[in-house]
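This briefing introduces a protein structure to a reader who has not met it before. Please view the sequence and the model before turning to the points that follow.

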Amino acid sequence: MSYSRDPSGTGAGQEPFVPVLPPSAGSTSGTLTVRGGVDGIACSLEELDEAAARVQVVAEELCRVSAALAAITGDLWGLPPSVQLPAMASRLAGGDAQLAAGTSGSRLLELAAGVRTARAAYQQSELIALAAVTARRHAELTGLRTIGSAAAGAPAAGPLAGATAGVVAMGLGAWLAQLTVRARAVGYRDAVQDELATLPRLIDPTDPPRVLPMLDRLLRDSGHTTGALAWVTLTAVAAGRRGGVVTAGTLRVDARGGPTTAPAAPATLSTITGNLAAAAARSRAGPDGVARSAVTVRRLDGGAAPVWEVDIPGTTGWDLADGPGLFDLEGNADAITATDATGTTVRPTQVGSLVTAALAAAGAPRGARVILAGHSQGGIHAAALAADPAFRGRYDVRQVVTAGSPIAGFTIPSGTAVLSLEHRDDIVPALDGRPNMDARNRVTVTGSAPPAGSGASPLQTIAAAHGLAGYRRMAAEADGATDRSVAAQRESLRDLTRGVTRQTVWVVEGRDVPLAGAAPDVRRPPSRRRAT
């Protein structure tokens, strides 16, 4: 599948209709549920727009032909009397052709207008249906919340009560118990997403003690835009900075060892999630107990031109105390607060700077074709880079693959294919409080097979659902899925890496140094060794 290229990300013409559907909506393929892509509602509306535009072009051309024939027929009347009789047949044929072209043009103009009217009616119907589905789902979840509260032996939180209000009203244990009852019907992701969707936008996230009591009161008058993950990280980091335990540091970048080479094949979702597992292993704590914040860059060779894959791991620690790691609590806050109200990344982040430095260290030229992949927090950074005009101005971001990442708030241009893997019991993708948008270039694949064994506790189920092992199984199933939207994403990835036979791998580590220093330098060992 080919996507329209718009490197600037500005777009033109009519703003596309992007409905926000309930997370559970979508087609099914095996145990997977698929939303967005070429089978998505937004894509169907785009196709109607395209059809109307094409019919309009043909209609206008026929009208121009009719006008030209009318002019030619008129000129024939100006011929000398001696040739008027022979010209009569031409005048009659020209008149007939003019009438036919004009009639066809008028009918096609009516058809184009009719398609646009049908498109508007279809959109309105979808909005009405969406409102009905959302209202029913809210009523069902409110009922489940009440049932869960009764099962937990706790007072029910009101229908408008958000997650924090529920926790305050009934206590953490009881709140989790009623959440579990609801999760049996819709999965933990959607249950948590419904709770978080009621959280208000924070007016002052720098004062957590005052925020907590105000949540329920502000809930009735405030809309949700920031998301729970933003609230948690912002308030925690703000408290840490106010207490002097979290400070802004300087990024230091080092290439770990030399580049290695190994055989490779065209990329699949399975190979990408396998590479993410390897990237996660490289970012585990070293002998000194300090987590290694490393990204992996792979140059895929053998095709028409090299392709560069960047693998970004997830969160390695939630300690509030500031440390040298980049994939910590502060790293989450850095990524989710880097965008403006439109979902465009407007300021650099430490991990984003690490990725840029890693690509430069690996020799990626300006305009290089790039695949960004990330698990959990890594997926947030991947989406943030894809939504960053400065990064896109340097590299051609063709594909983003995320696993268990909340990326609904990022606006990624249509020229970049985005595939998000989410498990129905993984609460992390729900932390932005809304589902991913339905767009031609954005596909969300939800897995429904429980990765945890029977009899697992809720926490074990949630933890297993967020683990990379479960997402690797989901990726393998998606690689064989027959759904058209998933197949189009696979084809986009396959076209990008067609002919690949080998890869060169760089591992680049970043450290948050809490001291003022010079701009980050990259140390590149000259030697090259082969992977075993």
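Which residue with a positive phi follows H9? That residue is Gly-363, with phi near 85°. The model is a predicted one, and the points below cover helix H9, selected salt bridges and a nonpolar surface patch.

**Helix H9**
- Helix H9 comprises residues 350–361, and its end C-alpha atoms lie 16 Å apart, in agreement with the 16 Å expected for 12 residues.
- Of the 12 residues in H9, 10 are buried, so the helix is mostly covered.
- Among the buried residues of H9 are Val-351, Leu-354, Val-355 and Leu-359.

**Salt bridges**
- The count of salt bridges is 11.
- Arg-64 pairs with Glu-61, with the closest N and O atoms 2.8 Å apart; the two residues are 3 apart in helix H1, and about one helical turn therefore separates them.
- Arg-347 forms a salt bridge with Asp-334 at 3.0 Å between the closest N and O atoms. This pair links distant parts of the chain, as Arg-347 lies in the loop between helix H8 and H9 and Asp-334 lies in helix H8.
- Asp-334 counts as buried because its relative accessibility is 18%, under the 20% cut-off, whereas Arg-347 is partly exposed at 30%.
- In helix H14, Arg-494 and Glu-491 are separated by about one helical turn. Glu-491, Arg-494, Asp-495 and Arg-498 are joined into one network by salt bridges that share partners.

**Nonpolar surface patch**
- Leu-85, Met-88 and Leu-92 form a nonpolar patch on the surface, together giving about 330 Å² of accessible area.
- Met-88 belongs to helix H2 and is partly exposed, at 39% relative accessibility.

Conventions
Residues are numbered from 1 along each chain as its sequence is written. This is a predicted model: local features need pLDDT of at least 70, side-chain atom pairs count only at pLDDT 80 or more; totals for chains, interfaces and linings use all residues. Side-chain values use heavy atoms; hydrogens and water are left out. Patches are made of residues with over 30% relative accessible area and no salt bridge: like charges are joined within 9 Å, nonpolar side chains (Val, Leu, Ile, Met, Phe, Trp, Tyr) within 5 Å. Accessible areas come from the Shrake-Rupley method with a 1.4 Å probe; for residues, only the protein chains shown count as cover. A salt bridge is a side-chain nitrogen of Lys or Arg within 4 Å of a carboxyl oxygen of Asp or Glu. Helices (H or I, at least four residues) and strands (E, at least two) are DSSP runs, numbered from the N terminus. Buried means under 20% relative accessible area, exposed over 50%, partly exposed in between (1.4 Å probe, protein chains only). The expected span of a helix is 1.5 Å times one less than its number of residues.
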